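Hi everyone, thanks for making the time. I'd like to walk you through one structure today, piece by piece, so please keep it open in front of you.

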Amino acid sequence: MSRLTLALAFLALACTGPMSIDPFGKRSSAARLQFEDGSTEAVGQLLAFDPRGHTLDISIELPLDQPDDIEIFLVPPSGIRYQVLGSFQNCEVDGAARRCPRRLPALTTETADAWRVEALRSEAGGATSIEVSVSWVSVSN
């Protein structure tokens, strides 16, 4: 692949959503998932980096007035749904929101690409949104 093609591919990836790159091997992507009034499911996109070489640090944030009966799933291109167990346990209150950090292992059978993030709540409620941020931390760090 020529350098120009590689540079254009990187630029296209950079423009697909929020992301940051750390020279020490940490990369991040975030998605805001919007629950419509009366819905039980919200879906967003994350830009994934090589899960064979990175572990996953996840931060989930939701409003204090939103019940914590929501389950979060990461869905790579393979279609396997990885549930973030205890998505809203041991959270920190930060202003008007709860922030819930989670640490997941490297997913050695998955590939880097666009991943979906899904949120399911057990009962329909009012419109709200949650933020899911994933930091891909180099395994060597």
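**The disulfide, the salt bridges and the strands**

Let's begin with the covalent link: Cys-91 and Cys-100 are joined by a disulfide, with the sulfurs 2.0 Å apart. Before I go further, please keep in mind that this is a predicted model. The structure holds one disulfide, so if you were searching for others, you can stop there. The link between Cys-91 and Cys-100 is right-handed, with 105 degrees about the S-S bond.

How accessible are the two ends, Cys-91 and Cys-100? Cys-91 has a relative accessible area of 25%, so it falls in the partly exposed class. Cys-100, on the other hand, is at 0% and counts as buried, because the cut-off for buried is under 20%.

Now to the charged side chains. There are six salt bridges in the count, and I'll take you through some of them. Start with Glu-61 and Arg-99, where the closest N and O atoms are 2.4 Å apart. What does this pair of Glu-61 and Arg-99 tie together? Glu-61 sits in strand β4, residues 54–63, and Arg-99 in strand β8, residues 97–104, so the bridge connects parts that lie 38 residues apart in sequence. Both partners are partly exposed: Glu-61 at 24% relative accessibility, and Arg-99 at 30%.

Arg-99 has another partner to show you. Its side chain also meets that of Asp-94 in a salt bridge, at 2.7 Å from N to O. Through these shared partners, Glu-61, Asp-94 and Arg-99 become one network. Asp-94 is partly exposed as well, with a relative accessible area of 41%.

Next, please find Arg-81 and Glu-118. They form a salt bridge, with 2.9 Å between the closest N and O atoms. This pair links distant parts of the chain: Arg-81 is in the loop between β5 (70–75) and β6 (82–84), while Glu-118 is in strand β9 (residues 114–121), 37 residues apart. Is each partner buried or partly exposed? Arg-81, at 41% relative accessibility, is partly exposed, whereas Glu-118, at 8%, is buried.

That brings us to the sheet. β9 belongs to an open sheet of four strands, in the order β3-β9-β5-β6, with antiparallel pairing. Which strands stand at the edges? They are β3 (41–47) and β6; each has a single partner strand, so one side of each is left without a neighbour in the sheet. From one strand to the next, the twist averages 25 degrees. As a quick reminder, strands of a sheet pair through backbone hydrogen bonds, either parallel or antiparallel. If you look at β5 and β6, you'll find an antiparallel pairing over three bridges. Take Ile-72 as an example: its bridge partner in β6 is Val-84.

Let's move along to Ala-48, which lies in the loop between β3 and β4. Ala-48 is buried, at 6% relative accessibility. What does Ala-48 touch, leaving aside residues up to four places away in sequence? The answer is Ala-112, Asp-113, Trp-115 and Trp-136. Also have a look at Ala-114: the C-alpha atoms of Ala-48 and Ala-114 are 5.7 Å apart, although 66 residues separate them along the chain.

My last stop is strand β10, and it takes us back to Glu-61. β10 is mostly covered, with ten of its eleven residues buried. β4 and β10 run antiparallel and are joined by eight bridges. Within that pairing, the bridge partner of Glu-61 in β10 is Glu-131, and Glu-131 is found in the stretch of residues 128–138 that makes up this strand.

Glu-131 is worth a click in your viewer. Its side chain makes a polar contact with the side chain of Arg-32, at 3.2 Å. Leaving out residues up to four places away in sequence, Glu-131 touches Ala-30, Ala-31, Arg-32, Ser-59, Ile-60 and Glu-61.

So, if you want one residue to come back to later, try Glu-61. It is in a salt bridge with Arg-99, it belongs to the network with Asp-94 and Arg-99, and it has Glu-131 as its bridge partner in β10. Thanks for listening, and I'm glad to take questions.

Terms used
Residues numbered from 1 in each chain as written. Predicted model: local features only at pLDDT ≥ 70, side-chain atom pairs only at ≥ 80, totals over all residues. Heavy atoms only, no water. Disulfide = S-S within 2.5 Å. Buried < 20%, exposed > 50% of the residue type's maximum accessible area, 1.4 Å probe, protein only. Salt bridge = Lys/Arg side-chain N within 4 Å of Asp/Glu carboxyl O. Helix = DSSP H or I, 4+ residues; strand = E, 2+ residues; numbered from the N terminus. Pairing = 2+ DSSP bridges. Axes fitted to C-alpha atoms, helices over the stretch in contact; angles between N-to-C directions. Contact = heavy atoms within 4.5 Å. Polar contact = N/O pair within 3.5 Å; in protein donor to acceptor, adjacent residues only side chain to side chain.
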